[in-house]
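Below is a short set of questions and answers for a reader who is new to this structure. Please look through the model before reading on.

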Amino acid sequence: VRLSGPRAVAIASALFSAAANGDPAETGRARFGTFRATDGEAIDRGYLVVFRPPRSFTGEEVAECWTHGSPAVLRGIVEAAAARGARPAEPGEFTWRALVHGRIDLTQAEGLRDLIEARTLHAARVAHLQERGRLSSALQPIKDALADLLARAEASIEFGEEPDIAAASPEGGLGPDAARLGADLERLAASYESGRLLRDGARVVLAGLPNAGKSSLFNRLLGEARAIVTPLPGTTRDVIEESLDLQGVPVILTDTAGLHEAANEADREAVERARARAAEADLVLVVLDWSRPFSDADRETLAAVPPGRLVAVLNKVDRPCGIGLDRVLALRRRPGVVELSARTGEGIDDLRRRLRERLEPEARLLPDEAFLTSLRQRDLAARAAAALRRAAGAAREGQGAECVAIDLRDALDALGGITGAVDPDEVYARIFSAFCIGK
Ligand SMILES: Nc1nc2c(ncn2[C@@H]2O[C@H](COP(=O)(O)OP(=O)(O)OP(=O)(O)O)[C@@H](O)[C@H]2O)c(=O)[nH]1
Ligand SMILES: [Mg+2]
């Protein structure tokens, strides 16, 4: 149980009797002792740890009560603290206070949220770098260059230079510089797609005709019998989702109903949902049955997926080939098919490798580059890039330094918003309310 604020140590000390002599409120030391409920009865033994400003997470006085993980004990301590004047924290309030006291900036707060919610160790590593301030440091040189550009534009206003500042500048002019910075920011804004994959997971959907072995493959990839498998076509009717760690890339794997002519309302709904999932997937695994002739419906299913999102799978290679050698050769040539058996496991590693290859450029597996992980950051980066494009255009057209300066200031404002300097209430609503309580 963590307390933060001017009376944190006083309140925590009142609930705690140290086992040994000495000051229980000594900074940064774990003191062993007994915790007491509101009525003074002992409820658990554990440690009290105290941090003093400014060297605490929130930048305020902080006291942490470390007990055994019993929900009843924790509730007892929260109640006892509340009885002495503490109040329950709002979601994300500790991180919010850290921000308000300048211990972290906004990108670091977002990094911390991503870290808490990370689905794989790799995603956690990347979030950790963000939380340590990687994005802020990557933005700093861009901000400096932009501030420099703005200073130059303002100087030309002051000295009443001709509109054609480009020609007067030894660096080649404001226009090209603004355009260059704008391009940098556009690249950064585009990096959001990688951030999204790492944060939310890549959406991989299994699709195909009934009985092709989608659910069998789903289970095989997960390593557990999650979905029902039967020899009857039309076994799966609902959309089933599970998360999968594909060597660091978080994946949300979805099994769907076989695509077929619906005989009743439930079927119709099942097929509709299957199509909807495939339509919004990052990758669609179209599962074909190697042991049966290739049908028009197979052809349509393959054709419905854009090549950039398609991974074709020939399943049941443990059985005699029924699909025809010509077809196999054609599939091998064009979409690049993975041949496997969900039953024996043959070829599954190839599929994992293929999936990972396809997601890798997106998931940016080398965590050495700064990228954006939230829509908020992306919108601001895109706004700054657009303002710089306008500035470059204005300079090119010889519109005068005032016009250029207005756009540059816009860009600088937007960039400032990524790391902080925005309306605190709005920031709270957009970021911290999504945190869990106690963080
Ligand atoms: N021999 C062989 N049989 C398989 C393989 N994969 C699946 N099957 C069998 O094919 C049948 C259908 O498998 P499912 O996984 O239920 O197929 P599905 O595509 O999910 O079918 P629906 O949910 O009806 O759309 C079952 O009898 C499986 O045991 C395989 O690799 N080899
Ligand atoms: Mg199924």
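Q: Is threonine 120 buried or exposed?
A: This is a predicted model, in which local features need pLDDT of at least 70, side-chain atom pairs count only at pLDDT 80 or more, and totals for chains, interfaces and linings use all residues. Residues are numbered from 1 along each chain as its sequence is written, chains are lettered from A and ligands numbered from 1 in the order in which they are written, and side-chain values use heavy atoms, with hydrogens and water left out. Buried means under 20% relative accessible area, exposed over 50% and partly exposed in between (1.4 Å probe, protein chains only). Threonine 120 has a relative accessible area of 6%, so this residue is buried.

Q: Which backbone atom does the side chain of threonine 120 reach at 2.7 Å?
A: Threonine 120 sits in the loop between α4 (106-117) and α5 (121-131); helices (H or I, at least four residues) and strands (E, at least two) are DSSP runs, numbered from the N terminus. Leaving aside neighbours within four places in sequence, threonine 120 is in contact (heavy atoms within 4.5 Å) with Asp245, Gly248, Val249 and Pro250. At 2.7 Å, its side chain reaches the backbone oxygen of glycine 248.

Q: Is serine 191 buried or exposed?
A: Serine 191 is placed in the loop between α8 and α9. A polar atom of its side chain lies 3.1 Å from the backbone nitrogen of leucine 372. The relative accessible area of serine 191 is 4%, so the residue is buried.

Q: Is asparagine 211 buried, partly exposed or exposed?
A: Asparagine 211 belongs to the loop between β6 (202-208) and α10. Its phi is near 75°, a positive value in a residue other than glycine. Most residues other than glycine have a negative phi. The relative accessibility of asparagine 211 is 31%, so the residue counts as partly exposed.

Q: Is glutamine 247 buried or exposed?
A: Glutamine 247 is found in the loop between β7 (240-246) and β8 (249-255). This residue is not a glycine, yet has a positive phi of about 45°. With a relative accessible area of 52%, glutamine 247 is therefore exposed.

Q: Which helix supplies the largest share of the largest nonpolar core?
A: A nonpolar core is a set of buried Ala, Val, Leu, Ile, Met, Phe, Trp, Tyr and Cys residues joined through side-chain atoms within 4.5 Å. The largest one has 33 residues, and those with the most contacts inside it are Leu185, Leu388, Leu408 and Leu415. At least two residues of this core come from each of α6 (134-158), α8 (174-190), α15 (375-396) and α16 (401-419). The largest share, ten residues, is supplied by α15.

Q: Which helix gives the most to the shell around ligand 1?
A: Ligand 1 is surrounded by 23 residues, each with a heavy atom within 4 Å of the ligand, and the closest are Lys214, Ser216, Gly234, Thr236 and Asp318. A nitrogen atom of ligand 1 is 2.7 Å from an N or O atom in the side chain of aspartate 318. An oxygen atom of ligand 1 is 2.8 Å from an N or O atom in the side chain of threonine 236. With three residues, the helix that gives the most to this shell is α10 (residues 214-222).

Technical notes
A polar contact is a pair of N or O atoms within 3.5 Å; within protein, one must be able to donate a hydrogen and the other to accept it, and residues adjacent in sequence count only if both atoms are side-chain atoms.
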